[in-house]
Amino acid sequence: MKRLALSVTLCAVALTCGCRPEAGHESGVGAVIREAAEPVDSAEAAAVVQMDLPAAVLSEVQGPGGRFRVAARKGEMERFRCSGCHKGKTVGISGAAGTAHDDIALRHGEDQGRLGCATCHHEKERDFLVGADEEKIDFDHSYQLCGTCHFRQQKDWAGGAHGKRVTYWAGTRIVKNCTSCHNPHSPRFARRWPATFSPPLDEVR
Amino acid sequence: MRRRSSEDRAIGDFVDRVLSRPGSRREFMKKAAGLAAAGGAAALPGCGGPAGEEVMLKWKEYFKGNYRLMTRKEKDETVRRLERLAKLQDGVDVQVSTRPEWKQVLFGYGFNITRCEGFMECVSACVRENNLDRISKTQYVRIFEMEHGQMNVALGDGKFFHEVPVEGHFYMGVQCFHCESAPCIKACPTKATWREPDGIVVVDYDWCIGCRYCMAACPYWGRRFNWNEPSVPKDEVTRKQHYLGNRKRTRGVVEKCTFCIQRTREGKLPACADACPTGARVFGNLLDPESEIRYVLKNKKVFRMKEELGTDPKFWFFID
């Protein structure tokens, strides 16, 4: 919805000011960019500085530079391993779902029919998520799960237009996982107060 | 002692006439030159005790050259003085880097207006990272709350403070766009601001005379002036600094976003991009076709602000 509204605005701007919404002019930085077609290996330069890299796994999807790294999740999850409790089919303490996972309230895709826990969590292999063909998906690769329904976002994420890199622009490409930003059970960002505010323009100048 | 071309000198004289104000660096220079001619080093205070050391360091700082003309040795010396002065004056241990640009790097920035939600975490992070003045609440980054259908930031709300995001609105971040053809650089009479080889437009705070021509020339409101002596609480000072970045500034000089040169030349994202919780900020090497910023330029609808001015900013807004 927001996307559509912005598209319309953007087209209007492009028409009124006569500028093309493209990467650049024939000269200037646009031309410089077009000429730069060879990948730049920043590894050598990056080796000069000390990098403090987070735990990450090699992606199963391709980005513009091939496979990349994705921030690992299992170390961040409070209740991993699930099989510590989920040994059999049910945990077997009646009414315990409420107490064990009472912080989890599903608010995801409500308009299009509810997602159940089993839509995403593997019912037999409890330490895994589940793909469209019942295949196991590791929690560190949860972007694969999200990608089954959100293909466009996954593509942008792999390319670098959705989500973000962790700390460094150079060296090994490590990006945040979908669940580093989105709570899978309630993926929409909560409204909140901004971190700060700005003084009026004329007062600063 | 200061190497200046004849052109520089001519401009310098002009600036002297127009702008010399009491207590300015240039005024001091004139007096100092007079003193030096009259009595030589007799004008220098003795070196006993830290107060003497401080004066001596400041004295030497006054006579250093423009950063671009310094030799490696001179750079190392001024860095040592600045670090020592920070210790003597403010009691903080800082490290001032002079790391040059990386080869084959041209920095560029993308801002996703579909993604930004107005949380302003970029602004706070920038203030802390760059040691911005807390008294006058200097901020390099501004976020404007805009109604759908408008694209003119002048009509947006730049001082919102309520729960965000607001229905029917989007958010647009504005800061120095590091133009390839930057009008601010052309406007500077003392060559105190220039474009580094990696595309970052920087200011030599010790060479700036505070005439603010650059501010008038910038169509994006990218520069800030220090009306007062900037102040940062001691325990909040970012100690990892760069000569052309977040090192200490004084009253009467212009400063601005440097793409966090002290971070980006260490391979890190600028503080704003690193702090952004939504991923609206994309930063990287324009010369690398495999970089995120290049993906954005190739695959997204992008536009630049006031494109028609021909300033050629390296900052693109985009929607997905």
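Reader: Is Cys116(B) buried or exposed?
Author: This is a predicted model, so the answer is a computed one. Buried means under 20% relative accessible area. Cys116(B) has a relative accessible area of 10%, and it therefore counts as buried.

Reader: How far from Cys116(B) is the nearest cysteine sulfur?
Author: A search over all chains finds zero disulfides, and Cys116(B) is accordingly in none. A disulfide needs two cysteine sulfur atoms within 2.5 Å. The nearest cysteine sulfur to Cys116(B) belongs to Cys122(B), at 6.4 Å.

Reader: Which cysteine has the sulfur nearest to that of Cys85(A), and how far away is it?
Author: Cys85(A) is exposed, with a relative accessible area of 56%. Cys85(A) is in no disulfide. The nearest cysteine sulfur is 9.0 Å away, and it is that of Cys82(A).

Reader: Where does the largest nonpolar core lie with respect to domain 1 and domain 2 of chain B?
Author: The largest nonpolar core has 79 residues, and Trp169(A), Ile113(B) and Met172(B) are among those with the most contacts inside it. Domain 1 (6–94) and domain 2 (107–319) of chain B both give residues to this core. The core therefore lies between them.

Reader: Which residues are among those of the other core, the one of 16 residues?
Author: This core lies apart from the largest one. Its 16 residues include some from chain A and some from chain B. Among them are Val29(A), Val40(A), Val282(B) and Val296(B).

Reader: What span does helix H4 of chain B reach from its first C-alpha to its last?
Author: H4(B) covers residues 72–90, which makes 19 residues. At 1.5 Å a residue, 27 Å is expected. The helix comes close to that, reaching 26 Å.

Reader: Within what arc do the buried residues of H4(B) fall?
Author: The buried residues are Lys75(B), Thr78(B), Val79(B), Arg81(B), Leu82(B), Leu85(B) and Ala86(B). Seen down the helix axis, they line one face of H4(B). Lys73(B) and Arg80(B), on the other side, are exposed. The arc that holds the buried residues is 165 degrees.

Reader: Which residues does Ser231(B) touch, not counting those up to four places away in sequence?
Author: Ser231(B) sits in the loop between strand S7 (223–225) and strand S8 (240–242) of chain B. With 32% relative accessibility, Ser231(B) is partly exposed. Its contacts are Leu132(B), Asp133(B), Arg134(B) and Ile135(B).

Notes
Residues are numbered from 1 along each chain as its sequence is written. Chains are lettered from A and ligands numbered from 1 in the order in which they are written. This is a predicted model: local features need pLDDT of at least 70, side-chain atom pairs count only at pLDDT 80 or more; totals for chains, interfaces and linings use all residues. Side-chain values use heavy atoms; hydrogens and water are left out. Helices (H or I, at least four residues) and strands (E, at least two) are DSSP runs, numbered from the N terminus. The expected span of a helix is 1.5 Å times one less than its number of residues. Buried means under 20% relative accessible area, exposed over 50%, partly exposed in between (1.4 Å probe, protein chains only). The arc is that of the directions from the helix axis to the C-beta atoms. A nonpolar core is a set of buried Ala, Val, Leu, Ile, Met, Phe, Trp, Tyr and Cys residues joined through side-chain atoms within 4.5 Å. Domain bounds come from an automatic or database domain assignment. Contact means heavy atoms within 4.5 Å.
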